[in-house]
Amino acid sequence: MLKKKLSRMIQSAVGKAIASGSLKIDKLPSLTIEVPKNREHGDLCSSVSFNLAKQTGRQPEEIAGVILDCLETGDGGSVKFIKKKEIAGRGFLNFFIDESYLRQNLLEIVSEGGGYGSSDSGKGKKIQVEFASVGPTGPIHIGHARGAVVGDALGNILKKSGYETVKEYYVNDVGTQIDILGKSLKARYCELCGLAPAIVENGYEGEYLKDIAGRLKEKHGSGCLEKPPDFFSGFAVEQILECIKKDLSDFGVVFDSWVTESSLYSTGKVAKAIDTLKEKGFTSLKDGALWFNLRQDKGAEEGQEDRENVLVRSTGTPTYFASDIAYHSDKYNRNFDAIIDIWGQDHHGHVQRVRNAVSALGYDPSKLEIILYQLVSLSRKGSPVRMSTRRGEFITLREVMEEVGSETIRFFFLMRKSSSHLNFDLELAKEQSMESPVYYVQYAHARICSIFNEASNKELQIAKCPKGIHSDKLQNANLELLKDDIEIQIMKRLAFFPDEIAEMAVSREPHGLTVYAQEIAGLFHRFYTDHRVISDDRDLTLARLTLVKAIQTVLAGSFGLMGISPKEKM
RNA sequence: GCGCCUGUAGCUCAGUUGGAUAGAGCACCUGCCUUCUAAGUAGGUGGCCGCCCGUUCGAAUCGGGCCAGGCGCACCA
């Protein structure tokens, strides 16, 4: 990673300056390396001198000079990294990457293939991402899909960055809503059997329940009328969960682990969590119910107010809150270094009390990171489409997948940071499809594939896209021939791919994937317009094929993280 | 009322965690195909970064106060 590499170099330079007495500070300042907006300011830059100036009372420019004097750009490797370094803007340190380093990197991209972009920045750390945990009371709808996309992509990014990552789905298969679901199913079933259905208060009314009732009748005839409520809710959950799993996998979202709420009950984890809270004195009885109340002397995070929440209802059944505490306790016991929950913004009221409960149990609350994604408002031709699972008014993920395609949905949902509101217009997504950024990036990939097809036709004997590249031919290409401005620019941006991924892993924000992919695609399209890859000049052809192969590799790599499959032809 | 999120070009949004002259796409003008895909590309128009204070070498970014929009405040999940 370029930034890390330079950061280490500057760090040791500062260390050297301290040792030699030319710099007098007690602690190293936080060191951030950036890519300057203005190309004249180099490829990488740092503003450490400004921070150090504050500590030492000296001029930034002077400090910058001291650091540069101690900086060793040789860095021991065989390939030179920094070509030029300078002080500008009254103290900024600007660095220019040597082209030979970029050319070397190009070969690495081609030989690493799909592995390029990986890093070990998360090595040895175990991390869990739980997302898309939609209760099995109805089909997964388009609003939920945002959480699914964000979580999936983030999980992919973390894995790529070397974290041991578990993508998990939590199934709320017990509770009041599940009981109501069972009753609602029974009502539909009674209808099918020619009986008057019981009226279910706040019952689910979606069409899908009629289908499930139909399947129940098909399987058992009218023989289930006397079955207990559990039977109906169990059947409904089983059917709906199967449908959710199918939807998600068709959407390209894959989980490593599924945990059911019911299992937390059957293994006694819920009871244990409640008992522990009781023992530690975080509970009280009021109106026949057991409440969680935060005590400021224990576990309370600073600046919080006392809050009370019901753990066990006066009826004796624990609430969702209780089982969620047990679930988080279970997560902590699995020894993750970080636990990431991805929830819809509508659950934000739940955030603080879960954090409170977790710290009440004695766990480190800083390990729990809750990402709230803003809800998706769906519209069609500008007019809003309201959704409610209970009333059965919703647009399902499957419907939208069939209408606009899963890749468009995924790309769209990754284009905005998760804290931004997102309006998804069905008609617009379709209409724009020809002009959309999804096609823009796909088109770049497809064009490259086309070049390789042509190359194989032209007796160059370069393998076809995308597999089986004869990398030895490309490895021997004379990359010195890549010297046009746009070629250098492309090599630079490709070299930053590992940095980009590592940064997204740290910020937990996968939306940079779309930004980066569009940028690479844009550079390629510019290159493609002005330069021919395949020409009579065999050496230049090989060099450019290597460049283009690297672009293709990186594009496909970013698509993979987004969960989008690269197109070979359009 | 309390809490969370958002406010950047006409529209949809980026903005490297406080850096140097704020960027894309769409839309609107003007160019570029005998060639590996024009689903592309070059250029132009377009900005009190919601408003006001503050913090400092430096603010779209951090803090406070307003204004506007979205969402949440159950013995639901």
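**Entry 1: the surface near RNA strand B**

I began with the classes of residue near RNA strand B, and counted 18 nonpolar, 23 polar and 17 charged. I am working from a predicted model, so everything below is computed from that prediction. How many residues surround the strand? I found 58, and the closest of them are R313, R416, Y443, S450 and H531. Of the RNA atoms that come within 4 Å of the protein, 58% belong to sugar and phosphate.

Next I looked up some individual contacts. Q177 has a side-chain N or O atom 2.6 Å from a sugar or linking oxygen of RNA strand B. R532 also reaches a sugar or linking oxygen of RNA strand B, with a polar side-chain atom at 2.8 Å. For S420 the partner is a phosphate oxygen of RNA strand B, 3.3 Å from an N or O atom of the side chain.

Which elements give two or more residues to this surface? My list reads α2 (48-56), β4 (92-97), α6 (176-192), α12 (348-360), α16 (437-457), α19 (497-507) and α20 (512-530). I marked α16 in particular, as it gives the most, with eight residues.

**Entry 2: the largest pocket**

I then turned to the pockets. The largest pocket has a volume of about 1,400 Å³. I count 45 residues in its lining, and those nearest its centre are S133, G135, N172, Y320 and H347. Two or more lining residues come from each of α5 (142-160), α6, α9 (261-266), α11 (320-333) and β11 (338-344). I had already met α6 among the elements at the surface near RNA strand B.

What is the lining of the largest pocket like by class? I get 17 nonpolar, 19 polar and nine charged residues. I also checked the domains: domain 2 (126-169 + 254-373) and domain 3 (176-250) each supply at least three residues of this lining.

**Entry 3: the second largest pocket**

The second largest pocket came out at about 590 Å³. It is lined by 25 residues, with V35, P36, R493, F496 and E519 closest to its centre. By class, I wrote down nine nonpolar, three polar and 13 charged residues for this lining.

Which element supplies the largest share of the lining? It is α18, with five residues. I find at least two lining residues in each of β4, α18 (485-495), α19 and α20. Looking back at my first entry, I see β4, α19 and α20 listed for the surface near RNA strand B as well. As for domains, at least three lining residues come from each of domain 1 (2-97) and domain 4 (435-562).

**Entry 4: the one cavity**

I searched the whole structure for cavities of 30 Å³ or more and found one. Its space is about 30 Å³. The lining is made by Q11, V14, L28, P29, L31 and V48. By class, that gives five nonpolar residues, one polar and no charged.

**Entry 5: strands and their pairing**

β4 had turned up in two of my lists, so I followed it into its sheet, as strands of a sheet pair through backbone hydrogen bonds, either parallel or antiparallel. The sheet is open, has four strands in the order β1-β2-β4-β3, and its pairing is antiparallel. Which strands are at the edges? I have β1 (33-34) and β3 (82-88), each of which pairs on one side only. Between β2 (residues 44-46) and β4 I noted three bridges in the antiparallel sense, and L44 stands opposite F95 of β4.

β13 (residues 376-380) was my next stop. This strand runs parallel to β15 (residues 422-425), with four bridges joining the two. S379 has D425 of β15 as its bridge partner. β13 also pairs with β14 (residues 383-385), this time antiparallel and through three bridges. Here L378 is matched with V385 in β14.

Last, I looked at β8 (residues 283-286) and β9 (residues 289-293), an antiparallel pair with four bridges. One of the bridges sets L285 against L290 of β9. How many residues lie between the two strands of this hairpin? There are two, and I noted that D287 in the turn has a positive phi of about 50°.

How values were computed:
Residues are numbered from 1 along each chain as its sequence is written. Chains are lettered from A and ligands numbered from 1 in the order in which they are written. This is a predicted model: local features need pLDDT of at least 70, side-chain atom pairs count only at pLDDT 80 or more; totals for chains, interfaces and linings use all residues. Side-chain values use heavy atoms; hydrogens and water are left out. A residue is near a molecule or strand if one of its heavy atoms lies within 4 Å of it. A polar contact is a pair of N or O atoms within 3.5 Å; within protein, one must be able to donate a hydrogen and the other to accept it, and residues adjacent in sequence count only if both atoms are side-chain atoms. Ala, Val, Leu, Ile, Met, Phe, Trp, Tyr, Cys and Pro count as nonpolar, Asp, Glu, Lys and Arg as charged, and the others, Gly among them, as polar. On a 1 Å grid over the protein atoms alone, a cavity is a set of points where a 1.4 Å probe fits but cannot get out, and a pocket is an open set with protein on both sides within 12 Å along at least five of seven lines; lining residues have an atom within 4 Å of a point. Grid points are joined across faces, edges and corners, and a volume is the space filled by probe spheres set on the points. Domain bounds come from an automatic or database domain assignment. Two strands pair if DSSP finds at least two bridges between them.
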